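Reader: I am new to this structure and would like to go through it in small steps. Please take my questions one at a time.

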Amino acid sequence: MKQPLSLKQRLFWWLLLPLVLTVPVGSLALYSLVRDTTLGWLDQGLGDTALALSNFIRTHDGELIVEISGQTDGALRFDRVDHIYYTVIAPQGQLLSGDALLAKPHFQLSPGEWEFRDVELDGETLRLAALGVACGVVGNVCQVRVAETTTKRATLRRDLLLAVGATMVALSVGLVIAGWLAIQQGLRPLGELSREVERRDLDRLDPLEPPVPAEVRPLIAALNRLFERLRFASGAQQDFLANAAHQLRTPLTALRTEIELALLEPHEDTQEPLLQRLKSSVDRSARLAQQMLSMARSDASSPQEALRVLDLRELASHAAEDWVPRALAAGMDLGFELESAPVMARSFLLREMLENLIHNSVSYAGEGARITVRTRVREGHALLEVEDTGPGIAVVDRERALQRFQRGSQAGGNGSGLGLAIARDIAISHGGTLTLADGAHGQGLRVQLVLPLAKA
Amino acid sequence: MRILLVEDDAALAESTSRALRSQGWVVDCTARGEPVPLSLREDRYDLLILDIGLAGIDGFETLRRVRSQGSPIPVLVLTARDGVEDRVRGLESGADDYLVKPFALSELIARARALVRRSQARFSNELKMAGLRMDLDARRAWLHEEPLALSAREWEVLSFMMARIGKVIAKEQIVSASNGWDQSTTDNAVEVCISRLRAKLEPAGIQVRTVRGFGYLLEEQVPVAKA
């Protein structure tokens, strides 16, 4: 399919078309007008000479005579550029005075009648002005003819052509450039608008409010309505996801409580492992629901809370409240080495990530393990580490452990295989990195989150 | 101890109240928030356990009504939501503690116990835990009804911690609560004080757990299987 012309091209061609049509026609008109006027003035000069000459015709004893002194002749013939010829012809055609050459063309004139024409005489192009003059007997007409060579006229035509041509070319070029600039300038708001629209995603659906010309406002309004609908739809999807995850929690809690009660109440020894397995399945389901929720939230495309300055130390302190009793109950030593480390973060996601990491350690490190949460600033970066003395993850399994729905090959416990993947997603969405390394003394696992330091 | 449990999921209400009763507590159950303020006026309860997601008026509104009639009852909020906003909103509406579903039974019981203890201390000016009793007015303590000798510093630290049973307490919190301590020797002073307290309280079944690099946790053995 042929690509339609761009807006710029369209405007440009439509501006160019009238230019192409009007400039030649206008040039021609201007040229003719100026030429005819100036040539008219030159003809008038010739005519003036002819009129002056007609005053020299006199009647003496019934004879027509024209007396022109040498001085007068010089004055009549004076011109700085062209040769001037003149002649006076009696009614019967005989030469009364001047150049015989001019008498050659035969034509009749009535008294007071003018005739201007270009003539070719003896290989010379001449401009001829002729005037009919009543002379002698009533009804007789003499002719006064004046002619000059056409050097002035040719020069005039050439200069005029050049002047008009150059003016028109300059005008056209000027108009084309001005038109192009005007188009660029006029369409700039559209360019800015499209860049602004380009920057929009599900994360940023606030209405467009660029300063735009009135013509574009309906478009902006339509886009903003579209954004609004999109935001609504995206919000609805988000709410659905959140609700689904939350709704699962109440029945899972009931189930978990029942299992715990069954474990507390007298039961056969053979049922113990079954009940324990049930309990860990329920925990895993609950964790999975929670993690799918946070995974959806950590996806770059989902609407998110705003970034705020947050101290990793505060975050870890809050985690201590919930997790110390749990770790103690699981027979583990959860400790802290906290230094201030401010970052720009979405607190919900970072909290979720830290919970995931601690939960992982509590789940996998095993009874008697030491878990240490560390925050600090190193080399201009904020660091958050969760280190344990558990079995760790073999180097070959580490990359796999960071994939969604993968677990370390020897891992037991009740993780769902999403925790580390989510942690990494969250790290990346905050412009940071998440790496797995050996714990202290080559034992256990150290998960390290490196984030850009917030400007103080 | 008498508890009012507001939970609209029948299965969860059933199992939770059974678990609470297993502690020897009396539990009344309701599925809706509307009658709660009246029930609290008519009967004496020690603790309100309140689910946020209720049919009819929700937990926040119920809590608001309870507080607006001036009831000081300790409230433990249960929620299926984990947003920070919910947590903040819950605590701002007057909840004393907050538990996100699904919770471990042991955690529910421990928190319920700690809440009731803290609120009783507020009214009787007496703190009790296992074999320990502290009379805040008389500034005297007994261990199994035997007078317990405590230095002024030990008294300050122990009463501060007793008011926060079951909660992790940062070392700085203890320091800032104990005014008049020499700042340069504070950390060390706290540690010395804690180790003395630990020795004195151990016989009564009270453990002062150290949270490495953070602070302490006052604990009592909860007679429930570990989660």
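Author: This is a predicted model. One place to begin is chain B, where the side chains of Arg196(B) and Glu154(B) form a salt bridge with N and O 3.9 Å apart. The pair links distant parts of the chain, with Arg196(B) in helix H8 (residues 186-201) of chain B and Glu154(B) in helix H6 (residues 152-162) of chain B. Along the sequence the two are 42 residues apart.

Reader: Is Glu154(B) buried or exposed?

Author: A residue counts as buried when its relative accessible area is under 20%. The partner Arg196(B), at 46%, is partly exposed. Glu154(B) has a relative accessibility of 3%, so it counts as buried.

Reader: Arg44(B) also forms a salt bridge; which residue is its partner?

Author: Arg44(B) is exposed, with a relative accessibility of 62%. The closest N and O atoms of the pair are 3.1 Å apart, and the partner of Arg44(B) is Asp46(B).

Reader: Why does Asp46(B) count as buried?

Author: The cut-off for buried is a relative accessible area under 20%. Asp46(B) is buried because its relative accessible area is 11%.

Reader: How many salt bridges does a search of the whole structure find?

Author: In general, side chains of opposite charge can pair when their charged atoms come close. The search covers all chains, and the number found is 48.

Reader: In chain A, which residue meets Asp82(A) in a salt bridge?

Author: Asp82(A) sits in the loop between helix H2 (70-76) and strand S3 (84-89) of chain A. Its partner belongs to helix H3 (residues 151-198) of chain A, 70 residues apart from Asp82(A) in sequence. Asp82(A) is buried at 4% relative accessible area, whereas the partner is partly exposed at 23%. The N to O distance is 3.3 Å, and the partner is Lys152(A).

Reader: Which residues do shared salt-bridge partners join into one network with Asp82(A) and Lys152(A)?

Author: Salt bridges that share partners link these residues of chain A into one network. Besides Asp82(A) and Lys152(A), the network holds Asp43(A), Asp79(A), Asp118(A), Arg127(A), Glu148(A) and Arg153(A).

Reader: How many helices and strands does chain B have, and what share of its residues is buried?

Author: The secondary structure of chain B comes to eight helices and 12 strands. Its accessible surface is about 10,100 Å², with 49% belonging to carbon and sulfur atoms. Of its 227 residues, the buried share is 53%.

Reader: What share of the contacts in chain B joins residues at least 24 apart?

Author: The count takes contacts between residues at least 6 apart in sequence. Among these, the share joining residues at least 24 apart is 56%.

Reader: Are helices H7(A) and H9(A) roughly parallel or antiparallel to each other?

Author: Helix H7 (residues 347-364) and helix H9 (residues 419-429) of chain A have axes that come within 9 Å and cross at roughly 150°. Residues in the contact include Leu350(A) and Met353(A) of H7(A) and Ile422(A) and Ala423(A) of H9(A). The crossing is left-handed. An angle over 145 degrees counts as roughly antiparallel, so H7(A) and H9(A) are roughly antiparallel.

Reader: Which helix of chain B packs with helix H4 of chain A?

Author: Helix H4 (residues 217-264) of chain A packs at an angle of about 35° with its partner, the axes being 8 Å apart. On the chain A side, the residues include Thr250(A), Thr253(A) and Leu261(A), and on the chain B side Leu12(B), Ser15(B) and Arg18(B). H4(A) passes its partner in a left-handed crossing. The partner is helix H1 (residues 10-21) of chain B.

Reader: Which residues does Thr250(A) contact, leaving aside its neighbours within four places in sequence?

Author: Thr250(A) lies in helix H4 of chain A. It counts as buried, at 13% relative accessibility. Its contacts are Glu7(B), Asp9(B), Leu12(B), Ala80(B) and Lys101(B).

Reader: How far apart in space are Phe227(A) and Arg204(A), C-alpha to C-alpha?

Author: Phe227(A) lies in helix H4 of chain A and is buried at 6% relative accessibility. Leaving aside its neighbours within four places in sequence, Phe227(A) is in contact with Arg200(A), Leu205(A), Asp206(A) and Leu208(A). Phe227(A) and Arg204(A) are 23 residues apart in sequence, and their C-alpha separation is 9.3 Å.

Key:
Residues numbered from 1 in each chain as written. Chains lettered and ligands numbered in written order. Predicted model: local features only at pLDDT ≥ 70, side-chain atom pairs only at ≥ 80, totals over all residues. Heavy atoms only, no water. Helix = DSSP H or I, 4+ residues; strand = E, 2+ residues; numbered from the N terminus. Buried < 20%, exposed > 50% of the residue type's maximum accessible area, 1.4 Å probe, protein only. Contact = heavy atoms within 4.5 Å. Areas by Shrake-Rupley, 256 points an atom, 1.4 Å probe, with all protein chains shown as cover. Salt bridge = Lys/Arg side-chain N within 4 Å of Asp/Glu carboxyl O. Axes fitted to C-alpha atoms, helices over the stretch in contact; angles between N-to-C directions. Parallel < 35°, antiparallel > 145°, perpendicular 65-115°, else oblique. Left-handed = near helix turned anticlockwise from the far one by under 90°.
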